[in-house]
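Trainee: Could you take me through one part of this fold in close-up? I'd like to hear how some of the helices sit against one another.

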Amino acid sequence: MKVEQVVFQSGERFPMLLNEERCPDFWSTLFVSRRLRQQTQSSINSFLRSISLLYKWQKIHKRNLVVEFEKEKVPSLFEVESLKEYCGLKSEYIQKELEGKSLGKMTKMSSFSLGKGSPLAKVGNDLQQRRMHDISEFLAFVGREIVKRRNKATSLLTEIESMLKLFKAHYPKSNYSNGNQRLPHAEKEAFVKFMEVTNVNHRDNPFKGYDNQLRNYLLIQVIYWTGARSGEVLSLNLDSIDYDVESPTLTILRTHDDPYDTRKYQPLTKTKSREVPIPSSLRDDLDYYINKVRSKFLKAKTHPYIFVSHKGPTAGSPMTNSTFYNRVIQTAKAINPEMFKLVKRHGFRHLFNELFSERVDLHNQKMREDMLLAEQNGEFEKVAILKKQVITEQQEMDARATLMGWENTDSARPYIKRYIQKATRKLHKEMMQEMSKVQREVKNKR
């Protein structure tokens, strides 16, 4: 089966699971229509990929759980355990077995996987859990629809609820528990160097032509100055720029299901709309790109999105996420693979928050130094004024939530925690270096 992206005239993206005859699968289409319609395109795609894996499991084991529901048989512990092992394997191992001989009876997936317990054959715990969750929700939906009008509906619905609890009880432990909530990203020095080599006309710039260099430079500059996600950058339109002379801004808007967006996979804003300040130089560069580069493309006149494709039959069309990742980020990383190994687009969002924390600390340090000086001079009214200007943790979280577009300020806590941990490690390292210096001096005097 294959997941197909259908774009309606209204602009709505409606992913469908197509069978081998390219006809929409009935149950997954009904599930998307009834249960997932309000979710994002990427979330629906994730569900459909999980459902596709379930269908492969059925084919391998010569099972049909829909037919079994019709026969009033609900998946038991045996099926849940088998599906758990199955959900933990990489798709290529599953596909290889699917293309070979199908199994005639239920066995553990690890018994036929070519990886056979190898870590290379397995996905991460979080993906395994997501697959199990999606499959269990789909099976519960199908089961309820089939049995709800049966004479034994009450008992069958109870069994379905028990099935859901079984799946949940068998979820693998998350890799990001115990406070490890963020993937590692590059250090600040790597990001600074990465931005340096993507400057227009830099000797190491890997992009050919001024127009390409300018567009790619602006993409990097926007995510650096705004902390925006890649999808949010690609969703910026001509009305997003406020050309205020003193305080220019970029407005990040939610443009879900925009009929003017021709991309099958529409880049989206995950958080709420917001206005983020930018430097005047970035405003001027964006204005130049729009009026001198983007305006060259005929297709660019049919949509409002700022960043466009520059080559091939799609020239002038809104730039895709794939192009941004493969032809911009990956191409730039190839300049210095070792240094730029951990440079990621989302890493710029972490960097933005780290720099924000540093600025807050510098501001508060300056206020406290001024307070101390004012106290020494007996300027107690000034002390009271300066004290109010110290940014509290709650004020910092509120400001961060506004810049990031979060509804809940609790989303700011992991970034603050990560910054504190990094600062603590730095202090500890300095302490160890100082102690090592003392030890060396003692040793040399022996």
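Mentor: Here's a walk through a few helices and two loop residues, bearing in mind that this is a predicted model.

Let's start with α2 and α6. Helix α2 covers residues 41–61 and helix α6 covers residues 125–147; their axes lie 9 Å apart, at an angle of about 80°. Angles of 65 to 115 degrees count as roughly perpendicular, and therefore α2 and α6 are described as roughly perpendicular to each other. On the α2 side, the residues that meet α6 are S43, S46, F47, S50, I51, L53, L54 and Y55. Facing them from α6 are R130, R131, H133, D134, I135, E137, F138 and L139. Sort that contact of α2 with α6 by class and you get eight nonpolar, four polar and four charged residues.

Both of those helices turn up again around α4. Helix α4 runs over residues 77–87, and its buried residues are E79, V80, S82, L83, Y86 and C87. Look down the axis of α4 and these buried residues fall within an arc of 165°, so they line one face of the helix. It helps to recall that an α-helix has 3.6 residues a turn, so residues three or four places apart point the same way. As for what covers the buried residues of α4, the list includes α2 and α6, along with α5 (91–99) and α7 (153–169).

Now for another pair. Helix α9 (residues 210–226) packs on helix α13 (residues 345–376) with the axes 7 Å apart and an angle of about 40°. That angle makes α9 oblique to α13. The crossing of α9 past α13 is right-handed. From α9, the contact uses I220, I223, Y224, W225 and T226, while α13 brings R345, F348, L351, F352 and L355. Of the residues in this contact of α9 with α13, eight are nonpolar, one is polar and one is charged.

Just ahead of the helices there are a couple of backbone details to look at. The loop between α8 (188–197) and α9 holds N201. N201 has a phi near 70°, which is positive although the residue isn't glycine. For background, most residues other than glycine have a negative phi. N201 also counts as exposed, because its relative accessibility is 63% and the cut-off for exposed is over 50%. R22 is another non-glycine residue with a positive phi, near 60°. You'll find R22 in the loop between β2 (13–18) and α1 (26–36).

How values were computed. Residues numbered from 1 in each chain as written. Predicted model: local features only at pLDDT ≥ 70, side-chain atom pairs only at ≥ 80, totals over all residues. Heavy atoms only, no water. Axes fitted to C-alpha atoms, helices over the stretch in contact; angles between N-to-C directions. Helix = DSSP H or I, 4+ residues; strand = E, 2+ residues; numbered from the N terminus. Parallel < 35°, antiparallel > 145°, perpendicular 65-115°, else oblique. Left-handed = near helix turned anticlockwise from the far one by under 90°. Contact = heavy atoms within 4.5 Å. Nonpolar A, V, L, I, M, F, W, Y, C, P; charged D, E, K, R; others polar. Buried < 20%, exposed > 50% of the residue type's maximum accessible area, 1.4 Å probe, protein only. Arc of directions from axis to C-beta.
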